[in-house]
Amino acid sequence: MHYMAENNLPCWKHFSIGIRRIAAGKHADSNFHDHHFSEIVLILDSGGTVHWAEGKSCELKRGDVLLLHPGRIHGYQNCASLELVNMLYKADRLPLPLLDGADMALFPFFISAKYAQTLTPEKPVLSLDEEKLAEIEQLINTLDTELQSNQPGRNLCSFILFMEILTKLARAGKGQRKKEDFNEAAAALSWLNMHFREPVSIDHLAKISNQSRRSFFRHFRILTGMTPVEYCRRKQLEYAADLLRSTTLTLAEIAEESGFCDSNYMIKLFSAAFGKTPGKFRKDEKAGNNP
């Protein structure tokens, strides 16, 4: 089994989105692997390629779109003509307000690995016609160009382009989400994604989700796989990691900016989450040694 190292992903180091293109004849056959990031695969040519995931298979065709979240073991067979483009991202690092995205049947699957566990991973989540395929491919090309640039606002523009791609893919999927299938905790998730550095009020989160505390906790765990406090802590730590990469702020300043009331507490949590102290993390980032 081959693990695709994150430090080999283009534009990964300072942003949580990357593009990888694989030309025809360049993809290894039966190279079964998993990874710690999410992957949207756009099939540009197939020639009878078979996609395997979790022990099941499906023959692919041009225009198919695969969605694979962390931990899914998958690979391809009969790859001689396989041509594809991967959009690689970390769903938990996207500064994402859901807004009305959850009204589209596919959208929650793109941004929540936990939510997507019900998907059949070997099969495409949708298939694009030639017009939609050309539109999505052009947007990916534009995103790739932006990710390779050093223009001010590169990450902001890249995020906007990526969200446009997700929206158009979700719109291309069939139907709208049935009301009974909609997870009401999505409203609280949207709020937390924008306010994770602020104190968490469970009563407030339950209120904006129109649920009791007990129902809210249950639905939030279904959606994210963790409690609201755990989710906020992870977002805070990821934010602190970004500040360590991109600023010269002191640890005390980073702790305050990230929503921690005490830098020692942040250091303890950060070390447990990343396997190294914030100081070592920053040093490795500057030296280019951090995956």
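Two strands are said to pair if DSSP finds at least two bridges between them, and this idea is the starting point for reading the sheet in this predicted model.

**The sheet**

The sheet is an open one, formed by 5 strands in the order β1-β7-β2-β5-β8, with antiparallel pairing. Its edge strands are β1 and β8, the latter covering residues 126-127, and each of them pairs on one side only. The table below sets out three of the pairings, together with one pair of facing residues for each.

| Strands | Bridges | Residues facing each other |
|---|---|---|
| β1 (residues 17-22) and β7 | 6 bridges | Gly18 and Leu88 |
| β2 (residues 38-45) and β7 | 7 bridges | Ser38 and Tyr89 |
| β2 and β5 (residues 64-68) | 4 bridges | Val41 and Leu66 |

Strand β7 appears in the table with β1 as a partner and also with β2. Is this strand, which spans residues 83-89, largely enclosed or open? Of its 7 residues, 6 are buried, so strand β7 is largely enclosed by the rest of the structure. When you look at a strand such as this one, it helps to remember that in a regular strand the side chains alternate between the two faces of the sheet.

**Helices on the sheet**

Helix α2, made up of residues 130-148, lies across β1, β2 and β7, and its direction is at about 120 degrees to that of β1. Helix α3, which covers residues 154-172, also packs on the sheet, where it touches β1, β2, β5, β7 and β8, and it makes an angle of about 120 degrees with the direction of β7.

**Helix α6**

Helix α6 runs through residues 213-224, and its length can be checked with a short calculation: at 1.5 Å a residue its 12 residues should span 16 Å, which agrees with the 16 Å that separates its end C-alpha atoms. Which residues of α6 are buried? They are Phe216, Phe220, Leu223 and Thr224. Seen down the axis of α6, these buried residues fall within an arc of 75 degrees, so they line one face of the helix. The general background is that an α-helix has 3.6 residues a turn, so residues three or four places apart point the same way. As for what lies against them, the buried residues of α6 pack against three other helices, namely α4 (186-195), α5 (202-208) and α7 (228-246). After α6 comes Gly225, and the phi angle of this glycine is positive, near 80 degrees.

Key
Residues are numbered from 1 along each chain as its sequence is written. This is a predicted model: local features need pLDDT of at least 70, side-chain atom pairs count only at pLDDT 80 or more; totals for chains, interfaces and linings use all residues. Side-chain values use heavy atoms; hydrogens and water are left out. Buried means under 20% relative accessible area, exposed over 50%, partly exposed in between (1.4 Å probe, protein chains only). Helices (H or I, at least four residues) and strands (E, at least two) are DSSP runs, numbered from the N terminus. The expected span of a helix is 1.5 Å times one less than its number of residues. The arc is that of the directions from the helix axis to the C-beta atoms. Contact means heavy atoms within 4.5 Å. Axes are lines fitted to C-alpha atoms, for helices over the stretch in contact, and angles run from 0 to 180 degrees between N-to-C directions.
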